[in-house]
Amino acid sequence: MKYFWFLSCLLYAFFNTSSIQAQSLSGKVLDDNSGNPIPNLEIKINDQIVFSDADGKFYYQADAIGSQTIIIESNSFNSYTLDVSIEDESNINLGIIFLSRKETVTRTFDDNYLIDQRQLDNFEIDGQQVSSLLSAAWDPFGSLADYNFSVTRFNPRGLAQNHSQIYLNNLPFNNLGDGRYFWSLWGGLNDVLRVRYSQYGLNSTDFSVGGMSGALDIDMRAASQRAQTRLTYSISNRTYTNRAMLTHSSGLSQSGWSYSFSVSKRWGNAGYIEGTYYDAYSYFASIDKKINDKHSLNFVAFAAPTIRGRGSSSTAEMYEVLDDNFYNPNWGFQNGKVRNSREYRTHQPVAMMRHDWQLNDNSRITTTIGVQTGHFGSTRLDWLEAADPRPDYYRNLPYASINNPVAAEAIAEELRSNVMARQINFDELIAVNQQRQYLVRDPNGNSANNYLENISAYIIVEQWFDNRKIAFQSHINHQFKDNLAFNAGIQIQYDRNHQYKILDDLLGGSFYLDIDDFALRDFPDDYSIVQNDISQPNRLLQEGDVFGYNHY
């Protein structure tokens, strides 16, 4: 009998599409600042009192039709009042009610160190290896720890990023290969990423079975965004210098439509480390249509195209000679402008469609399908039968002349006094490439087939790590009673990673020869061994050509 009762309830949840004919009010109460549910909140409706559950939901069975007054008062939140009219045999779902916190400041550590909870909204970070504040679910300690300590490879509870589950609009977004995710794919969209649901630790949620370090879902529906038009300009001395952001959200109209748009630009010449310029854009569009009380559709598209000059470590000798721990060997000047040989370039747009089906007051089905495409690349210098162009190459440093103290001191002084000596001289590399005539030797050893060609000695290559993702998730949530709920779902993910290398910039030359420079040192007279591609010996590469490796 028990099994029959359970099966009947489950089948009812899936297939019943008619509303319960009752005079009732229901809704969900969330923190306007964090998007988190507010549990155990006293809600007064006319002369009756109900309480929100752990998910912030409340339900009220009306005794009679007519006007109903909802009053919510709390010590922590500003009061809220709403008049609702219940018609005969109506079942009204008020949706999400956002409550704003009263103006308070949280004191932490000691009286001299203050954390204003309101200021945490504006933190943002775009590094590839740095967890954003979004993962902290607005907890002050977690926020500050993630932001300041993650660059030192600090992990809360010692669990790496791949132990956290990240969802966007109920769609899983962890990479299937290594479990990681990159906040930079949606950086700069702070205004439309505030509605979040999180769970710490290995606990199940409405949208996931959870991860060892928790799970987080960011609600991107336009109907979940508060109505606003907001223009923001920020100045920073970290990843970027300037940020401008424009956001407009309509709220839900009487016709059932709602939309939300956000665009931003972040830019800067350098942070603490020279040559680490930053140029990033972000765009976001979300459109909702509430078809009726049961069904609503949502479409979302967003991306954050970014170009970022990178810093990297150097030798201890270089730091000591320059007395500068922020020295960056990757950049230099080209035609008087700063250029970095190592850049991150990314543009991976995402599009998704979501359907919400409210079966009844206690049951709902959420279904989302989405795709991600685009590029993620990283550039670097490469060279063929030429001197190492890196300014911190060990043979260019004073220690290489340790047996000649006068020469060693002269090299050190040149590095300290001449910025061109400690950076990459792109103009010089271009001049070398334009004048170079390289003898291309016949791979079969026939010297009669040798010829001269303008082959670049130095080039910029770009390593691409492209991820094509298709994801689908559908899940049902049914609340039998206050202490008994049923969650189930299906999740399908498909990732295809394409890793390859292209010739990005010939730096003034006409071609680049596709041979192995290291093999050439060991076998200078055998061109059949030094070929990178034996199906195309002595292949002459041009900008945009794929070479070196190309696999899925």
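## Helix α4 and its cover

Let's start with a helix and its surroundings: α3 (316-322) is part of what covers the buried residues of α4. This is a predicted model, and α4 is a good place to begin reading it.

Which residues of α4 are buried? They are Ala 408, Ala 412 and Leu 415. These residues sit on the same side of α4, because the arc they cover around the axis is only 60°. The spacing fits a general rule: an α-helix has 3.6 residues a turn, so residues three or four places apart point the same way. On the face of α4 turned away from this buried side, you will find the exposed residues Val 406 and Ser 417.

The length of α4 can be checked too. Helix α4 runs over residues 405-417, which makes 13 residues, and at 1.5 Å a residue these should span 18 Å. The C-alpha atoms at the ends of α4 are 18 Å apart, so the expected span and the model agree.

## The chain as a whole

Stepping back, the protein chain contains six helices and 33 strands. Of its 552 residues, 46% are buried. The chain exposes about 28300 Å², and carbon and sulfur atoms supply 53% of that area.

How are contacts spread along the sequence? Taking contacts between residues at least 6 apart in sequence, 64% join residues at least 24 apart.

## A buried serine in a loop

Next, look for Ser 224, in the loop between β13 (215-218) and β14 (228-235). Is Ser 224 buried or exposed? Its relative accessibility is 4%, so Ser 224 counts as buried, the limit being under 20%.

The side chain of Ser 224 makes a polar contact with the side chain of Asp 219, at 2.9 Å. Leaving aside residues up to four places away in sequence, Ser 224 touches Asp 219 along with Ile 96, Phe 98 and Val 195.

## Aromatic pairs

Aromatic rings are another feature to look for. A pair of such rings is described by the distance of the centres and the angle of the planes. The model has ten aromatic pairs. One of them joins Phe 173 and Trp 186 edge-to-face, with 6.2 Å from centre to centre and 85° between the planes. Both Phe 173 and Trp 186 lie in the loop between β11 (171-172) and β12 (196-199), 13 residues apart. Phe 173 counts as buried because its relative accessibility is 6%. Trp 186 is buried as well, with a relative accessible area of 2%.

Another edge-to-face pair is made by Tyr 393 and Tyr 394, where the centres are 5.0 Å apart and the planes meet at 70°. With a relative accessibility of 19%, Tyr 393 counts as buried, since the cut-off is under 20%. Elsewhere, Tyr 344, Phe 376 and Phe 465 come together as one aromatic cluster.

## An asparagine in strand β23

Our last stop is Asn 360, which belongs to strand β23 (residues 350-360). Asn 360 is buried, with 5% relative accessible area.

What does the side chain of Asn 360 reach? At 2.8 Å from it is the backbone nitrogen of Asn 362.

Technical notes: Residues numbered from 1 in each chain as written. Predicted model: local features only at pLDDT ≥ 70, side-chain atom pairs only at ≥ 80, totals over all residues. Heavy atoms only, no water. Helix = DSSP H or I, 4+ residues; strand = E, 2+ residues; numbered from the N terminus. Buried < 20%, exposed > 50% of the residue type's maximum accessible area, 1.4 Å probe, protein only. Contact = heavy atoms within 4.5 Å. Areas by Shrake-Rupley, 256 points an atom, 1.4 Å probe, with all protein chains shown as cover. Polar contact = N/O pair within 3.5 Å; in protein donor to acceptor, adjacent residues only side chain to side chain. Expected span 1.5 Å × (residues − 1). Arc of directions from axis to C-beta. Phe/Tyr/Trp six-rings, centres within 6.5 Å; stacked < 30°, edge-to-face > 60°.
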